[in-house]
Structures are given as structure tokens and as C-alpha cells.
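This briefing reviews the overall makeup of one protein and then a selection of its local features. Please read it with the sequence and the structure in view.

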Amino acid sequence: MFRGPLGAPCKIRCVLGHGRAWRPPVCCHVPGCRVRRTRPCIPLASSSASRRLWLEQHRCVVEHMAEWQVAEAEALVHTLDGWSVVERMVVPTKTPDGKLIFGKGTLEHLTERVRGSPEITAVFLNVERLATPTKKELEARWGVPVFDRFTVVLHIFRCNARTKEARLQVALAELPLLRSRLKSSTARPDAQGWGSRSIMGSGELFVQVQQRLLKEKEMKIRKALERLRQKRRLLGTRRRRQEFPVIAVVGYTNCGKTTLIKALTGDDAVQPRDQLFATLDVTAHAGWLPSRMAVIYMDTIGFLSQLPHSLIESFSATLEDVAHSDLIVHVRDVTHPETELQKASVLSSLRGLRLPAPLLDSMLEVHNKTDLVPGYSPVEPQAVAVSALWGHGLPELKARLEDAVLRATGRQVLTLRVRLAGAQLSWLHQEATVQAVDVIPEAGVADVTVVISKSAYGKFRKLFPE
């Protein structure tokens, strides 16, 4: 489906449209635009020179955004084996879901370029979704397959889905595409007349059968996903019952989340990959903080700007663990030229999950890949600069994680005097994190320094009253 002719590697042409043509002085809706405003975009001065200056500044911002989106589109293409970019172009577009996505002149120019380049075997239009009639018309004009952002990202997800839950989520996300194709075939029945033909004399039309089968398939997928979610909730309940603090690690795709978790846990089984959406499932990894307190690190799916809505809905369940975590760590790739826009995209997605306000407010920001930026120092006073690959800054990060976890979970560091002859010491080893034991032999007691939760401390006092 996504390969070139006769299975050859797909050489793709990237064409980016950045939404409707911008016409001042109406309010601009370019995604990620860094020009802040609280009212429609109108010139602040009346002179024509001031207007020209303002318009030129805004035009530069729009062009910069377009170039970033083109770079991200190329990264999506390069994620797929056998795909390569042979040419890229930024062009204005109309509404993506309309039949005419390009103006007449732009369409003629693109048709000439695509038809005149034999090495181009597909075209990737970096818009969220193409209407099926538009896709068919462009493919007829250009003579090659045409992909939109939804199709490319969905294919990446399909290639990276390794667990049963991830494969089910990909199948669920694919249903709107199948329904769109079915709707298109209904609107324009083929020469065989499948849209009006009955099945085995039952009176049920072929299209109606297909619609019913898709609905039944969706119900089966959702039921299977719900069973898996219930199992994950049960495991989460057990973790909370055992009072393991949970740290959710989030970030823009390919920012180094998995590499950081591997560095923090020392788990060689964690294998990071330099790919977009290498992680589609939430995975749990045990680690220890400087106080020897055990924690669970949750590796999550990477975020992406303008991620198609149906994919967000399908994979939102994998982010339920973020809402039940004790601390969120936001990992950023400081080497990326648009790291600030990536940060804004992640924060916007997290707010869309309706997470508890205290969880968002306590989020810890980690600036990763600083080994590639000599002399780097975070502008944000609360951020921690690290190189997960080389281990730079990890001691400071672990200390900050411990402070944040203690605050978030209400744990406290206490020194308790216990009798050596009783069961107090063994109980503390099971229910709390023992940091130090100072034995006083002549008194038959020991001073034990522990990290303990409020509930565990209450149980200790109930079981071993003074």
C-alpha cells in the first residue's frame, strides 16, 4: 500500500500547505504562531510604514513555521523503511477537506513538476486529512499515490505496534479511513454497481453489509481494549496499594524519553530507537532514588504537533497512567530548532487530557541532549539540564526527582527508635524505605532513618504503640 511500483522503495515528494492564505488584518490562526495577541491582528499604528513593518515581521514568522513543519514532515517520511524524500515545496492551500485544495495556478505547477519527475513515486501533502474525492482527483492528475498526514502517521503507528493493545488501537484509528473510503464508493458506485447490489437475495445492499461489518468490528475492538484497560487499572491499583511512587515521563516524539529512563534505571532491557513514535505503549520500569526509595517510571507515547484527532482519541487510553502518576517529567530536546514550539505542543496536549492541576503545576522539566550544545544552561530556573546518553546531570536530576516525589506523595524522612528484639525493624524494611540503622547495643534499640508515607506511619504507630 505504501511502496513504490513493484515493491520498489518509495521516493516521495513532500508538499506542505500551512492552512488558508493569510489576509491581514483578520486574526491569524497559524498553529504554533509565536506572535502573542489578545485581540484580532490589526496594525497598532496608522502609518503605512508601520503596517508594512508589522506585516513583514508576521510573514517571517509564518514562513519559519512552514519550514519547521516541512522538516517534521520529512522526519515522518524518513521514519519509514524504504521511503525517501526527493523534493520538497511550500505552497499555499485552501481548506484541506474541500474538493479544491490548491488554486488553479498552484495545481498546474505541481502537476507539471510531479509528471515531469519519473523518480517521484508518491506525494505527501502535509495536511491533517484529505477528503476522499480530493485524494482521488489528485492521484488521477499526478499518476502517483497521494498521502496525507493521517495516513502517514497511521502507517508509522502500524509499523511500531508491537503489543496487542497497540495493534488494537491502530485498528481502531484506521476505521474512520475505511468508512471514508466506503462513503466515497457509495457516492460514486463503480461500474459493477456494488453500491446497489443485494447480497444473496437478502435484500441487504453490499454497502450496508460493509457498514454493519465495520460497526461490529469497532464494537469488538472497543470491548477488547476495555478488557486490557481493566487489567492495566488492576495493576495500577496494586502498585498504589504497595505505595510505589509513579513518575510519568512525557515529551515530544524522539526527545529521548526512553534513553533517559534507561539511564535512570540502569535497565539494559530498555532499548531506545532514534525514530518518531518508537514507543506506542505505556511501559513501566522500576528505579531507585538516592534515598533507595523504589519508584516506577512510565514511558509514554511521544507527542506531535497537529496529531490527527482520531489517532489522539484512539491512543488517549495509553495516557491514562499519566493522570494517575505522582509526578510528570517533561523531557525536551534542546538541540531541536523549534524546542519552544514542541514544548507548547506537549503542554497543550497535556491540558487536553484534563489532568489534575496540582499534577501539572508540579511538573519537572528536563532539558536533554545538552552534550550537543556546548556551554548550555537552561533559561528556566526550575529546569534540569542533562545528557541521558552520557549521564551528564543525572545526580542533580535524581535529587530533584526525590524532592518532588516526597512533596507529591506526602512522604517524610523520619528517625524512629525501635527495639531490636521485636518485629519493628523488619516491618519498616517491608513497608518503608530504610536509609540508615544506628544500633545502640547497650540499650537493645536502634535509631532507624526511613522514608515513609503517612498511611504507613499511621500503621506503624498502631501496631507498635510507644
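A contact here means that heavy atoms lie within 4.5 Å. On that basis, 67% of the protein's contacts with a separation of 6 or more are between residues 24 or more positions apart. The model is predicted. The protein contains 14 helices and 13 strands, and 44% of its 466 residues count as buried.

**Overall surface and charge pairing**

- The accessible surface of the protein amounts to about 24,600 Å², and carbon and sulfur atoms contribute 55% of that area.
- Across the whole structure, a search finds 12 salt bridges.

**Salt bridges within helices**

- In helix α3, Glu 139 and Lys 135 are four residues apart, about one turn of the helix.
- The side chains of Glu 139 and Lys 135 form a salt bridge in which the closest N and O atoms are 2.6 Å apart.
- Both partners fall in the partly exposed class: Glu 139 has a relative accessible area of 23%, and Lys 135 has one of 24%.
- Helix α6 holds another such pair, Glu 216 and Arg 212, joined by a salt bridge with its closest N and O atoms 3.4 Å apart.
- Glu 216 and Arg 212 are separated by about one helical turn because they are four residues apart in helix α6.
- Glu 216 is partly exposed at 33% relative accessible area, and Arg 212 is partly exposed at 36%.

**A salt-bridge network**

- Glu 340 and Arg 332 meet through their side chains in a salt bridge, at an N to O distance of 3.1 Å.
- Arg 332 has a relative accessibility of 4% and therefore counts as buried, whereas Glu 340, at 42%, counts as partly exposed.
- This pair belongs to one network, in which salt bridges with shared partners join Arg 332, Glu 340, Lys 343, Glu 365 and Glu 380.

**Buried helix residues**

- Thr 134 is part of helix α3, which spans residues 132–142.
- With a relative accessible area of 1%, Thr 134 is buried.
- Val 146 is 12 residues from Thr 134 in sequence, and the C-alpha atoms of the two are 9.8 Å apart in space.
- Phe 460 lies in helix α14, which covers residues 454–463.
- The relative accessibility of Phe 460 is 1%, so this residue counts as buried.
- Leaving aside residues up to four places away in sequence, Phe 460 touches Leu 416, Val 418, Gln 424, Trp 427 and Leu 428.
- One of these contacts, Leu 428, is 32 residues from Phe 460 along the chain, with a C-alpha separation of 8.1 Å.

**Surface patches**

- Lys 164, Arg 167, Lys 223 and Arg 227 form a positive surface patch.
- The elements giving two or more residues to the positive patch are α5 (164–187) and α6 (206–241).
- Within this patch, Arg 167 is found in helix α5 and counts as partly exposed at 47% relative accessibility.
- A nonpolar surface patch is made up of Leu 420, Val 437 and Val 439, which together have about 220 Å² of accessible area.
- Leu 420 sits in the loop between β11 (412–419) and α13 (424–431).
- At 38% relative accessibility, Leu 420 is classed as partly exposed.

**Loop residues with positive phi**

- Asn 254 is not a glycine, yet its phi is positive, at about 70 degrees.
- Asn 254 occupies the loop between β5 (246–251) and α7 (257–265).
- The relative accessible area of Asn 254 is 26%, so this residue is partly exposed.
- Arg 292, also a residue other than glycine, has a positive phi near 70 degrees.
- The loop that holds Arg 292 runs between β6 (283–288) and β7 (294–299).
- Arg 292 is partly exposed, and its relative accessible area is 48%.

Note on methods. Residues numbered from 1 in each chain as written. Predicted model: local features only at pLDDT ≥ 70, side-chain atom pairs only at ≥ 80, totals over all residues. Heavy atoms only, no water. Buried < 20%, exposed > 50% of the residue type's maximum accessible area, 1.4 Å probe, protein only. Patch = residues over 30% accessible without salt bridge, like charges linked within 9 Å, V, L, I, M, F, W, Y side chains within 5 Å. Areas by Shrake-Rupley, 256 points an atom, 1.4 Å probe, with all protein chains shown as cover. Salt bridge = Lys/Arg side-chain N within 4 Å of Asp/Glu carboxyl O. Lys, Arg positive; Asp, Glu negative; His and termini not counted. Charge placed at Lys NZ, Arg CZ, Asp CG, Glu CD.
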